[in-house]
Amino acid sequence: MKIVVENKKIDDVKADIKIVFVLNKDFNHKWVEDKKTLEFLGFKAKSEECCFLTEKKIVYVGIDSLQSEEIRLASSKAINIIKNTNAKSVKIGTYANECPGVSIKVMSEAFILGSYSFQEYKTKKDPLKLETITICLDDYSKPNASLETAKKAVKVGTIIANSTNYAKDLVNTIPHDMTSVELAKVAQKLDKIDNVTCKIYDENFLKEQKMGAFLAVNRASHIPPRLIHLIYKPKNAKKKFVYVGKGLTYDSGGLSLKPSASMVSMKSDMGGGAAVLGILKGAAQIGLPYEIHAIIGATENSIGPEAYKPDDVLVAKNGKTIEIGNTDAEGRLVLADCLCYASELKPDYLIDIATLTGACVVAFGEYTTAVMGHSCNLKNSLMSSAVESGELTGTLPFNRYLKEQLKSPIADLSNIGKNGWGGTITAGMFLDNFVEDNYKDKWLHLDIAGPAFVDKNWGYNQCGASGAGVRMNLYWMIDQSKKEDN
Ligand code: BES
Ligand code: ZN
Ligand code: ZN
């Protein structure tokens, strides 16, 4: 499906179906040509309310404002109706008095996000029939809203959405297919993008690096671990962003085995790894002026005679010893070693993304990412970009009293909190032990356990993987680069 922009009146463009947003319940807008019919049908133009006039081939969607998320929800509602028809082409106009380019970018995003469908394991595929969406600059009143601005907006929106859908594909793929070795092969392919290189490390490197925590998690798996390190390095890069992703291709819980129901969907435990790949891919395709690293600790958490055990003591790359209270708290062990490795790259920003704790889903529900870290400025900066991206975030605060929970009588720290309260925060504070002092204020921990995989459709997201973390971080880096330009 391709999205094109035309500097034409909407009625001068040919398409099978027209989409009309009814903004602010303005039934008198020139594009609402079926006012009487819509009233007769009881259409109130409430946010996300749709009415498909099949004879006239017009989809009307209610929209409260031109705020980005409203446009995304309305665009994806329309596309959800249209994708069930045989329409090959669709047209939509843009609205006056908007910020040039913004609505075009988010429309493009939502058309691509909303039309995603994962059919890899279906014997009968149902391919998207829609081929072209034309965005008409019909109602643009601002002189600076040039065709070029609009085309650039489509390009960026398309890259952001495709990077998100790319992460969804990786997470939705079954764990038997998306192993650590396979994930590394997939990552390697990204080196075809300009300025991207990829290094893949195996267990020998992990041993050399003394990554005893990561290695222990891998021990019971018959599939070897992989440390994936992708680098996007454009000329004259202004800053260095280092992303670290939890890449647990399956989390059975290990010897502290998960109950059957909780194990289902644990193929999504590499959601952080998929997100950092999506972020790097998108950033490189947009051509952001930053050096960006994506580091993924990839393995599964299995059971077997070799498995690491509750009561074991592991030694992480930075020499800290960790007593194991529960082998299901494995993500933080893999991340511990990866964060030590990442700190050595001297980042300006160090961000880890992980499906780390069930407690996070209890605290925030399944749609929200928890943002943790020491610097309020940094947290606020990412979170304000996240709002624009449409991803939901909330913060959870570290504190000195919860830190006590991680004490171990025989090692430097325990991998679980003593009483379980504040499990998302104690997991974040565990990771803090592996971020070097110089980088404490440059570090953010994002727990995506809720939104990475949701078992129902929500907004423009489908049941299954959502690519959580990709959009907020791309928006954030784009915002940072705009600030530097000003
Ligand atoms: N991968 C899970 C966290 C998770 C749970 C992600 C639900 C997505 C949905 C993680 O490895 C885990 O099992 N954490 C334990 C930690 C506990 C043993 C301290 C948890 O949350 O129960
Ligand atoms: Zn676990
Ligand atoms: Zn896990």
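This passage describes two zinc sites, the ligand beside them, one helix and one lysine in a predicted model.

We may begin with the zinc ion (ligand 2). Its coordinating atoms come from D251 (OD), D328 (O), D328 (OD) and E330 (OE), at 2.0 to 2.2 Å. Along the chain, these donors follow the spacing D-x76-D-x1-E. D251 belongs to strand β9 (residues 240-251), while D328 sits in the loop between β12 (321-323) and α10 (331-343), so the pair ties together parts that are 77 residues apart in sequence. The geometry of this site is irregular, because the six donor atoms subtend angles of 72 to 169°; an octahedral assignment would require opposite donors to be over 155 degrees apart and all other angles to lie between 65 and 115. The two aspartates can also be described by their accessibility. D251 has a relative accessibility of 3% and therefore counts as buried, whereas D328, with a relative accessible area of 23%, is partly exposed.

The zinc ion (ligand 3) lies 3.2 Å from the zinc ion (ligand 2), and D251 coordinates both. The donors to the zinc ion (ligand 3) are supplied by K246 (NZ), D251 (OD), D269 (OD) and E330 (OE), at 2.0 to 2.4 Å. Here the six donor atoms make angles of 77 to 172°, and the site is octahedral. In sequence, the donors are arranged with the spacing K-x4-D-x17-D-x60-E. Distant parts of the chain are again linked, with D251 in strand β9 and D269 in the loop between α8 (260-263) and α9 (271-286), 18 residues apart. Both of these aspartates, D251 and D269, are buried. E330 appears among the donors of the zinc ion (ligand 2) and also among those of the zinc ion (ligand 3).

Several of the metal-binding residues turn up again around ligand 1. Of the 15 residues surrounding ligand 1, those that come nearest are K258, D269, D328, E330 and G358. D269 places a polar side-chain atom 2.8 Å from a nitrogen atom of ligand 1. For D328, an N or O atom of the side chain is 2.8 Å from an oxygen atom of ligand 1. The side chain of E330 likewise has an N or O atom 2.8 Å from an oxygen atom of ligand 1. D269 thus combines a polar approach to ligand 1 with coordination of the zinc ion (ligand 3).

Attention now turns to helix α12. This helix covers residues 376-389, has 14 residues and reaches 20 Å from its first C-alpha to its last, close to the 20 Å expected at 1.5 Å a residue. Its buried residues are L378, K379, S381, L382, M383, S385, A386 and S389. An α-helix has 3.6 residues a turn, so residues three or four places apart point the same way. The buried residues of α12 pack against the helices α2 (68-82) and α15 (470-485), and against the strands β13 (349-354), β14 (368-373), β15 (392-395) and β17 (443-447). Just after the helix comes G390, with a positive phi near 90°.

A last residue to visit is K152, which is found in helix α4 (residues 147-172). K152 counts as exposed because its relative accessibility is 58%. Its C-alpha atom is separated by 8.0 Å from that of G101, although the two residues are 51 residues apart along the chain.

Methods: Residues numbered from 1 in each chain as written. Chains lettered and ligands numbered in written order. Predicted model: local features only at pLDDT ≥ 70, side-chain atom pairs only at ≥ 80, totals over all residues. Heavy atoms only, no water. Donors = N, O, S within 2.8 Å, 3.2 Å for Na, K, Ca; no water. Tetrahedral: all angles 85-135°; square planar, octahedral: opposite > 155°, others 65-115°. Helix = DSSP H or I, 4+ residues; strand = E, 2+ residues; numbered from the N terminus. Buried < 20%, exposed > 50% of the residue type's maximum accessible area, 1.4 Å probe, protein only. Expected span 1.5 Å × (residues − 1). Contact = heavy atoms within 4.5 Å. Near = heavy atom within 4 Å. Polar contact = N/O pair within 3.5 Å; in protein donor to acceptor, adjacent residues only side chain to side chain.
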